[in-house]
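Here is a short set of exercises to try with the model open beside you. Have a go at each task before reading its solution.

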Amino acid sequence: MVSVQRLVLDILKPHQPNALVFTRAIASLGEDYRVNVRVLEVDEQTETLQMTIEGDRLDFESINSAISENGASLHSIDEVSVVGK
Amino acid sequence: MELKQIRALLEISHSEEIMRRYFVVNGFDGALTMLGLIMGFYVSGSVDLAVVITSCLAAALALGMSGISSAYISEAAERRRILTKLEEAMVTSLDESHHARAVTWIPWLVALVNGIAPLLIALIIIVPLWLARGGMVLVFGPLLSAMAVALVIIFLLGVFLGRVGGTFWLWSGLQSLAVALVTVGLIYLIG
């Protein structure tokens with residue numbers, strides 16, 4: 001059984017919802033999720049973020065759904081940490 | 001659709017400001033229309049309460065329907081335009097997102113506020129007419145009482161605008177009241 005414990009994602013999102021609301025939406029998916037966001041680029045309609053999510057057992061499917069639901073788009077998975085048990 | 005989801009859609013689409021604006025603008029429309037109609041009946045000397053109530057109700061309903069339909073058509077078009085531009089910038093479809101849901105739901109919410117505001121305010125204004133029709137004796141008579149209610153509502157709408165805009169509430173209320181009194185004066189001159 002493997003568990004994903006850290007993800008670093010490259011995300012493109014519209015200005016709304018703002019980075020705080022967006023981060024909260026992701027963090028609310030798991031009790032122990034720790035989410036860190038850095039805004040890398042901003043243009044007229046969108047912003048590019050680097051999002052780091054840490055937790056004991058990250059659910060990538062629900063994270064990806066929450067990203068889409070908030071109007072954002074996952075561009076790439078830049079880092080992954082997985083623990084095999 | 002849950003309340004939490006509606007709040008999210010309102011936040012994403014910045015619709016709270018639009019709804020507040022529509023409430024005041026169309027509430028003002030409803031109040032001024034009722035005031036004008038009742039003043040018209042007053043100066044004409046014809047005081048068949050049943051005719052006054054029916055005319056006011058018909059006008060209130062027409063204002064409500066106009067508010068709902070016009071706001072829905074314009075908001076739906078505007079939301080679709082915004083979504084299309086956003087999808088072009090994101091280079092992806094946003095069909096599963098809150099933004100797409102906002103295109104469906106927000107025009108209805110805005111239309112509801114746009115239609116309900118004049119209808120509700122008009123119904124409040126004609127309460128003295130209903131009370132008089134029901135047999136209650138009003139000190140100043142039904143028409144003057146209804147006009148007084150209209151003037152109070154117009155003043156309060158002005159006060160609300162003042163608080164929202166950060167200006168002195170009394171000045172804002174008096175400005176709105178002045179507009180209403182000028183309207184009443186003009187109708188009196190016509191009569």
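**Exercise 1. Work out the order of the elements in chain B, and describe the chain as a whole.**

Solution. Start at the N terminus of chain B in this predicted model and walk along: the elements run α-α-α-α-α-α-α. Counting them up gives seven helices and zero strands. Next, look at the extent of the chain: along its principal axes, the C-alpha trace of chain B spans about 65 × 35 × 30 Å. Then turn to burial, where 38% of the 191 residues of chain B count as buried. Finally, take the contacts in chain B between residues at least 6 apart in sequence: 72% of these join residues at least 24 apart.

**Exercise 2. Place Leu123(B) in its helix, and decide whether it is buried, partly exposed or exposed.**

Solution. First find the element: Leu123(B) belongs to helix α4 of chain B, which covers residues 98–125. Now count its surroundings: 17 other C-beta atoms lie within 10 Å of Leu123(B). A buried residue needs 20 or more, and an exposed one has 12 or fewer. Leu123(B) is therefore partly exposed, given its count of 17. As a last step, check a residue from elsewhere in the chain: Ala60(B) is 63 residues away from Leu123(B) along the sequence, yet their C-alpha atoms are separated by 7.3 Å.

**Exercise 3. Trace how strand β3 of chain A pairs with β1 and β2 of that chain.**

Solution. Begin with β1(A), residues 2–14, and β3(A), residues 46–54: they run antiparallel and are joined by nine bridges. To see one pair, pick Lys13(A), whose bridge partner in β3(A) is Glu47(A). Move on to β2(A), residues 34–42, which also pairs with β3(A) in the antiparallel sense, over eight bridges. Here Val39(A) stands opposite Leu49(A) of β3(A). To finish, follow the chain from β2(A) into β3(A): the link is a hairpin through three residues.

**Exercise 4. Which elements of chain A give two or more residues to the side that touches chain B, and what is the make-up of that side?**

Solution. Count the residues in the contact: eleven come from chain A and twelve from chain B. On the side of chain A, the elements that give two or more residues are β1 and α2 (60–69). Sort the residues of this side by character, and you get three nonpolar, seven polar and one charged.

Note on methods: Residues numbered from 1 in each chain as written. Chains lettered and ligands numbered in written order. Predicted model: local features only at pLDDT ≥ 70, side-chain atom pairs only at ≥ 80, totals over all residues. Pairing = 2+ DSSP bridges. Helix = DSSP H or I, 4+ residues; strand = E, 2+ residues; numbered from the N terminus. Contact = placed C-beta atoms within 7 Å. Nonpolar A, V, L, I, M, F, W, Y, C, P; charged D, E, K, R; others polar.
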